Amino acid sequence: GTNSSTGVFYGDNLTSVVFPETLEYIGDYAFYRSINLVSFNLDELDNLIEIGLGAFRQCSRLSSSISLPLSLRMIGSHAFNDCRSLTGDLTIPAGVETIEASTFYYCSNLSSVTIGENVESIGSSAFRYCGARVLTVSQSVTSLSSYCFANMNNLSELYFNARNANNLTSTSHVFRSSGADSGIEVTFGSSVTRVPAYLFYGSSTSYAPRVNIV
């Protein structure tokens, strides 16, 4: 890994990368601002444990369909920040317990986001400006940080299964300015024991959300 603010392949003409199947770590800022990188093969890496801080930050042309390996245990903050061309359905693997701040900030072409079944904490602005239409929050989530799902302008279906998420304040703005033009249809799971205070405060549909209790 590297702690360089410019990254190993900063600003070069790298267009694709094929990682070996034995790879376990992608270091901090490894591909930061590799603006011509368009494809990678993360889904084939059955031994990958960690993606470092800012590893693919500002790889804005990275247009692969994102699929994270089940072996993954840690994703650093800002790891995919401004990967605006990433596509597909993002599922956080079960081995990941924390989603750090701004990890998937401005991943505006994702189709859906599913929070893994063991994620406990979601950091500030983790999915802000994500383009997902469908969002599923798992039972295990107990901590939602400010703006973590803000500005998700395509969001139309939310499945909120967090059993006992923390109460929020009026400045948390978890879903600030989120919601498709048609609104958000919110479905709470059967195991939910608490709907956090201010959960939809400031969202596009905060005054008239469509809610299903199942």
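1. A salt bridge is taken here to be a side-chain nitrogen of Lys or Arg lying within 4 Å of a carboxyl oxygen of Asp or Glu. The model under review is a predicted one, and in it the side chains of D82 and R84 satisfy that criterion, with an N to O distance of 2.8 Å. As for their surroundings, D82 is buried, its relative accessible area being 13%, whereas R84 is partly exposed at 33% relative accessibility.

2. The count of salt bridges under this rule is two, and a further pair to consider is R133 with E157, whose side chains meet at 2.6 Å, again taken from N to O. This pair links distant parts of the chain, since R133 belongs to the loop between β7 (121-122) and β8 while E157 belongs to strand β10, and 24 residues separate them. R133 is partly exposed, with a relative accessible area of 42%, and E157 is likewise classed as partly exposed, with a value of 22%. The class given to E157 deserves a careful reading, because buried means under 20% relative accessible area, and the 22% of E157 therefore places this residue in the partly exposed class.

3. On the overall architecture, the protein contains twelve strands and zero helices, so that, by the DSSP runs used here, the pattern read along the sequence is β-β-β-β-β-β-β-β-β-β-β-β. Of the 214 residues in the protein, 49% are buried.

4. Strand β10, which spans residues 157-160, has two unlike faces: L158 and F160 lie on the covered one, while E157 and Y159 lie on the uncovered one. E157, the salt-bridge partner of R133, thus belongs to the uncovered face of this strand, because the residues of β10 are divided by their cover in terms of accessible area.

5. Which strands pair with β10, and in what sense? Strand β8 (residues 134-137) pairs with β10 in the parallel sense over four bridges, and strand β11 (residues 185-188) is also joined to β10 by four bridges, again running parallel. Individual partners can be named on both sides: V137 has F160 of β10 as its bridge partner, L135 has L158 of β10, and E157 has E185 of β11. Both residues of the covered face, L158 and F160, therefore appear among the partners named for β8, given the bridge-based pairing rule.

6. Strand β8 also pairs with strand β6 (residues 112-114), in the parallel sense and over three bridges. Here V113 stands opposite L135 in β8, and L135 has, in turn, L158 as its bridge partner in β10.

7. Turning to the part of the chain that precedes these strands, an open sheet is formed by three strands in the order β1-β2-β3, with parallel pairing. The edges are held by β1 (25-26) and β3 (74-75), each of which has a single partner strand, so that one side of each is left without a neighbour in the sheet. Between β1 and strand β2 (residues 50-51), which run parallel, there are two bridges, and Y25 stands opposite E50 in β2.

8. A last point concerns surface charge, where E21, D43, E44 and D46 form a negative patch. Of these residues, E44 is found in the loop between β1 and β2 and is partly exposed, with a relative accessible area of 42%. This value is compatible with its place in the patch, because patch residues must have over 30% relative accessible area and no salt bridge.

Definitions and conventions: Residues numbered from 1 in each chain as written. Predicted model: local features only at pLDDT ≥ 70, side-chain atom pairs only at ≥ 80, totals over all residues. Heavy atoms only, no water. Buried < 20%, exposed > 50% of the residue type's maximum accessible area, 1.4 Å probe, protein only. Patch = residues over 30% accessible without salt bridge, like charges linked within 9 Å, V, L, I, M, F, W, Y side chains within 5 Å. Areas by Shrake-Rupley, 256 points an atom, 1.4 Å probe, with all protein chains shown as cover. Lys, Arg positive; Asp, Glu negative; His and termini not counted. Charge placed at Lys NZ, Arg CZ, Asp CG, Glu CD.
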